[in-house]
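Student: Could you take me through the helix packing in this model, one helix pair at a time? I would like the geometry together with the residues that make each contact.

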Amino acid sequence: MKLIIHGGFFSESLTDPETKFQKQSALIKIVQKGYDYLTTHTAVETVVYTVSLLEDDPLFNAGLGSQIQSDGKIRLSAALMNGNTLKMSGVINIENVEHPILVAEKLMTYDDRILAGSGAIEFASKHGFDHFNPETEQRKKEFEEKINSTRTSTVGCVCLDCDNNIAVATSTGGKGFEIPGRVSDSATVAGNYANKYCGVSMTGVGEDIVSGAMATKIVTRVTDGITIEDAFEKSFEELKQIKGFAGAIAIDHFGNIFHQESHLTMVYASFDGIELKYFE
């Protein structure tokens, strides 16, 4: 059983030691809680649970504490993928929910599994998800002052369970100050993808990740027999062609845990029951 999580890109951790420590501590606690949960639950259940914990922490840009868009509203996106069934579900630009990943989980049993905007909001309301304002004072201050240098990014989780099933979940509050209606990579197969061979969750500039079809590309290469290290190396080398900004976490069916970023600012933590690794 293996678990890896990330707390996003655009981290101020490199210049703010206190924030770095807080994020490290939060990720270490959450990855251990996620692993404990994994011991009695499936990979799909575990990635949903773990990402919901990340959504609860205002240090990260997902759920509570998400970025505010240019019109003053917060819109959230999240996706879930079951590598065994190859089913993906998600919400794009949903508003006023506490845990977008739980709405994505609910959609997994429906034929129409990815909803956007008002349709996603209506679905959540009809299925008992309470109205919730994810705005924090810090995010409001950043919006009012138009501060871009302290923003954080997407969260994600990849999991391999005891039956060798892989699942991945990703959640984001966007990049901040974007045009309303902008779609990030997080609820697409470019940013969140898994099959029985590999699972990948991305973070970074959504447009770059979509242009590079990053998560799907990495998983496809592992499926075709390339090692996870080489799949990452080749995919990130191609990302350089557009000067892309991205980071990724992954687990393959052999239990190999891997992460890579184009710029060394992605915060992450992984745990396999014995060894704990995290961003330093």
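Tutor: Happy to; what follows goes through the helix pairs in order along the chain. Please keep in mind that this is a predicted model, in which local features need pLDDT of at least 70, side-chain atom pairs count only at pLDDT 80 or more, and totals for chains, interfaces and linings use all residues. Residues are numbered from 1 along each chain as its sequence is written, and side-chain values use heavy atoms, with hydrogens and water left out.

Let's begin with helix H1 (residues 17-38) and helix H2 (residues 43-56), whose axes lie 9 Å apart at an angle of about 155°. Helices here are DSSP runs (H or I, at least four residues), and angles run from 0 to 180 degrees between N-to-C directions. The angle of this pair therefore makes H1 roughly antiparallel to H2 (over 145 degrees). The crossing of H1 past H2 is right-handed (the near helix is turned clockwise from the far one by less than a right angle). On the H1 side, Leu 27, Ile 30, Lys 33, Gly 34, Tyr 37 and Leu 38 make the contact (heavy atoms within 4.5 Å). H2 answers with Glu 45, Thr 46, Tyr 49, Thr 50, Leu 53 and Leu 54. Seven residues of this contact are nonpolar, three polar and two charged; Tyr counts as nonpolar and Gly as polar in this scheme. The charged ones are Lys 33 of H1 and Glu 45 of H2.

H2 also packs against helix H3 (residues 100-107): their axes come within 8 Å and cross at roughly 155°. That angle makes H2 roughly antiparallel to H3. Here H2 contributes Val 48, Val 51, Ser 52 and Glu 55, while Pro 100, Ile 101, Leu 102 and Glu 105 come from H3. By class, this contact has five nonpolar, one polar and two charged residues; Ser 52 is the polar one.

Further along the chain, helix H7 (residues 214-223) and helix H8 (residues 228-239) have axes that come within 9 Å and cross at roughly 145°. H7 passes H8 in a right-handed crossing. From H7 the contact takes in Met 214, Lys 217, Ile 218, Arg 221 and Val 222. From H8 come Ile 228, Ala 231, Phe 232, Lys 234, Ser 235, Phe 236, Glu 238 and Leu 239. Eight of these residues are nonpolar, one is polar and four are charged.

Methods:
Helices (H or I, at least four residues) and strands (E, at least two) are DSSP runs, numbered from the N terminus. Angles under 35 degrees count as roughly parallel, over 145 as roughly antiparallel, 65 to 115 as roughly perpendicular and the rest as oblique.
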